[in-house]
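Subject: Structure handover

Hello,

Here is the structure for your next round of work. My notes follow below it.

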Amino acid sequence: MKIGIVCYPTYGGSGVVATELGMGLARRGHQVHFITYKQPPRLSAFQENVYYHEVNNADYPLFEYAPYETALASKLVNVVKYEELDILHVHYAIPHANVAYLAKKILLAEGRYIPVVTTLHGTDITLVGKDASFAPVVQFSINKSDGVTAVSKSLKVDTLNHFNINKDIEVIYNFIDFARFQRSNKEHFRKAIAPDGERILIHVSNFRKVKRVPDVIKVFKKVNEIVPSKLILVGDGPERTKCEELCRELQVCEGVRFLGKQDAVEELLAVADLFILPSSSESFGLAALEAMACQVPVLSTNAGGLPEINIHGKTGYLSDVEDIQDMAMNAIKIISDEKTLNEFRKNALEQAQTFDLENILPHYENYYQHIIDTCVYDRVALTSEQG
Ligand code: GMT
C-alpha cells in the first residue's frame with residue numbers, strides 16, 4: 001500500500017505513535033509518506049520505503065497567523081496526486097482531520113477519491129477537542145472520516161460521550177517497539193545517579209498541567225522519607241518552573257534531577273525502579289508502556305485509559321487523581337524489597353509484550369484494507385456525482 005501519514009512532529013505522544021507506525025509499515029514493504037511541518041525526531045535516519053514531505057507555510061505581512069491548514073491541505077493534495085497514495089492516515093483530529101477532509105474534497109473535484117483514516121489520541125477529544133472553539137469542526141471531521149480509530153476503549157467512550165458520532169470507532173491500542181525499548185545494562189549510569197544504592201523513581205512527560213508533575217515531587221518526598229531514593233524528571237514544558245520552585249519549597253532539590261528533553265529515554269528507563277504518572281487525564285499513557293517494556297513498574301492514576309495498560313497490584317498500582325498519600329504508600333510497597341520489585345518488573349514486561357508493535361501492525365494493515373475496500377462504492381458514486 002502507499003500510505004500518507006500526517007502527525008505532529010513532536011517528541012512524545014501522538015507524534016511518536018505515528019512515526020513508529022509509519023516506520024513499522026515501511027519495514028513490512030509499504031511505501032510510507034510522512035507529511036508534517038518538521039521532520040519527526042524519530043525519523044532522522046534513512047529508511048527504505050520512507051518518504052518525508054515538509055509543509056512549507058508561506059508567510060505574508062497580512063497574516064497575523066500564517067494559515068497552516070491551507071498549506072497542509074495543498075501539500076496533501078499534491079502528495080496524494082503525484083505519489084498516488086492509496087490512503088491517508090491522520091493522527092490527532094485537530095486540525096488534521098478537517099484538513100484531510102478539505103484535501104479529499106479538492107481531490108474529488110478532480111475525480112480522485114482518497115480514503116481518510118483519523119486516529120484520535122486523547123487531548124484532541126478530552127481537553128482541546130471538546131472546547132467550544134473547536135468542537136463543531138472536530139465532530140464534523142470525525143463523522144466525515146472514512147475510518148476512525150481510538151487508542152483505548154476509554155477514549156472511544158469519551159468520544160461517544162462528548163460528541164454526536166455516527167461512525168464506528170475501532171480501538172487499536174498504541175504499541176511498543178521492543179527493538180528499542182528493552183532493559184539494557186546501564187549500571188555505570190545507575191551509580192552516577194544513585195551512588196549510595198538509592199531507588200530511582202522516574203517521570204517522563206511534556207510537563208503540561210494535565211500530567212500533574214508537582215504530584216510526582218510530592219510523592220517522591222514522602223517515599224524518600226521511608227526508602228532512600230532519587231527522582232529523575234525527563235521532558236520539558238509549561239509546568240517545569242513551577243516544579244523547580246516546588247522542589248526548593250519542599251527541600252528535595254538534592255534528590256531530584258531535571259534532565260529536560262532526552263532522545264534516548266530507554267537508557268534512563270533502564271536504571272529506573274518505578275515510573276510515576278499521576279495525570280488527571282490520560283487516554284493511553286504511552287510513556288508508562290515504554291517504562292513497562294523496560295521492566296519498570298508503574299504508579300499511575302486510574303484516569304482514562306491507564307487501567308487498560310497498568311494492572312492494579314500486578315504491573316504497578318492505580319490511585320485516584322490527587323491522592324498523593326495512596327501513591328506514596330503504593331510506591332513503598334513496590335520498592336522496599338527486592339523480591340516484590342522483581343515480581344512487579346516481570347509482570348510489567350509481560351503486560352508490555354501484549355502491546356508489541358509486531359502484533360499491532362497487522363491490525364492497522366487490515367483496517368486500512370477494510371476502509372479501502374468499503375470506500376470502493378463511495379468512490380464510484382461520489383466521483384461520478386462530481387463529474
Ligand atoms: O501526552 C500528551 O499530552 C501528548 C498527547 C499527544 O497527543 O501527543 O498524548 C496523547 O496521545 C498519546 C498517544 O496516543 C497517549 O499515550 C496519551 O495518553 C495522550 N495524552 C492524553 O490523553 C493526556
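Helices (H or I, at least four residues) and strands (E, at least two) are DSSP runs, numbered from the N terminus. This is a predicted model, where local features need pLDDT of at least 70, side-chain atom pairs count only at pLDDT 80 or more, and totals for chains, interfaces and linings use all residues. Residues are numbered from 1 along each chain as its sequence is written, and side-chain values use heavy atoms, with hydrogens and water left out.

The ligand site

The ligand is surrounded by 19 residues (one heavy atom within 4 Å of the ligand is enough). Ser 14, His 121, Asn 174, Lys 211 and Glu 282 are the closest. Which helix gives the largest share of this shell? H1 does, with three residues.

By class, the shell holds five nonpolar, eleven polar and three charged residues. Here Ala, Val, Leu, Ile, Met, Phe, Trp, Tyr, Cys and Pro count as nonpolar, Asp, Glu, Lys and Arg as charged, and the others, Gly among them, as polar. Domain 1 (2–175 + 357–385) and domain 2 (187–353) each supply at least three shell residues. Those bounds come from an automatic or database domain assignment.

Now the atom pairs. Glu 282 places a polar side-chain atom 2.6 Å from a ligand oxygen atom. A polar backbone atom of Gly 285 is 3.0 Å from an oxygen atom of the ligand. For Leu 286, a backbone N or O atom lies 3.0 Å from a ligand oxygen. The protein covers 93% of the 480 Å² of accessible area that the ligand has on its own (Shrake-Rupley method, 1.4 Å probe).

Helix H1

H1 spans residues 13–27, 15 in number. From first C-alpha to last, H1 reaches 21 Å, close to the 21 Å expected at 1.5 Å a residue (1.5 Å times one less than the number of residues). Of its 15 residues, 13 are buried (under 20% relative accessible area, 1.4 Å probe, protein chains only). Just after H1, Gly 29 has a positive phi of about 100 degrees.

Two more residues

Asp 215 sits in helix H8 (residues 213–226). Why does Asp 215 count as buried? Because its relative accessible area is 3%. Its side chain makes a polar contact of 2.7 Å with that of Arg 212 (N or O atoms within 3.5 Å, one able to donate a hydrogen and the other to accept it).

His 33 belongs to strand S2 (residues 31–36). His 33 is at 0% relative accessibility, so it counts as buried. Its C-alpha is 6.1 Å from that of Ile 3, 30 residues apart along the chain.

Best wishes

Terms used: Buried < 20%, exposed > 50% of the residue type's maximum accessible area, 1.4 Å probe, protein only.
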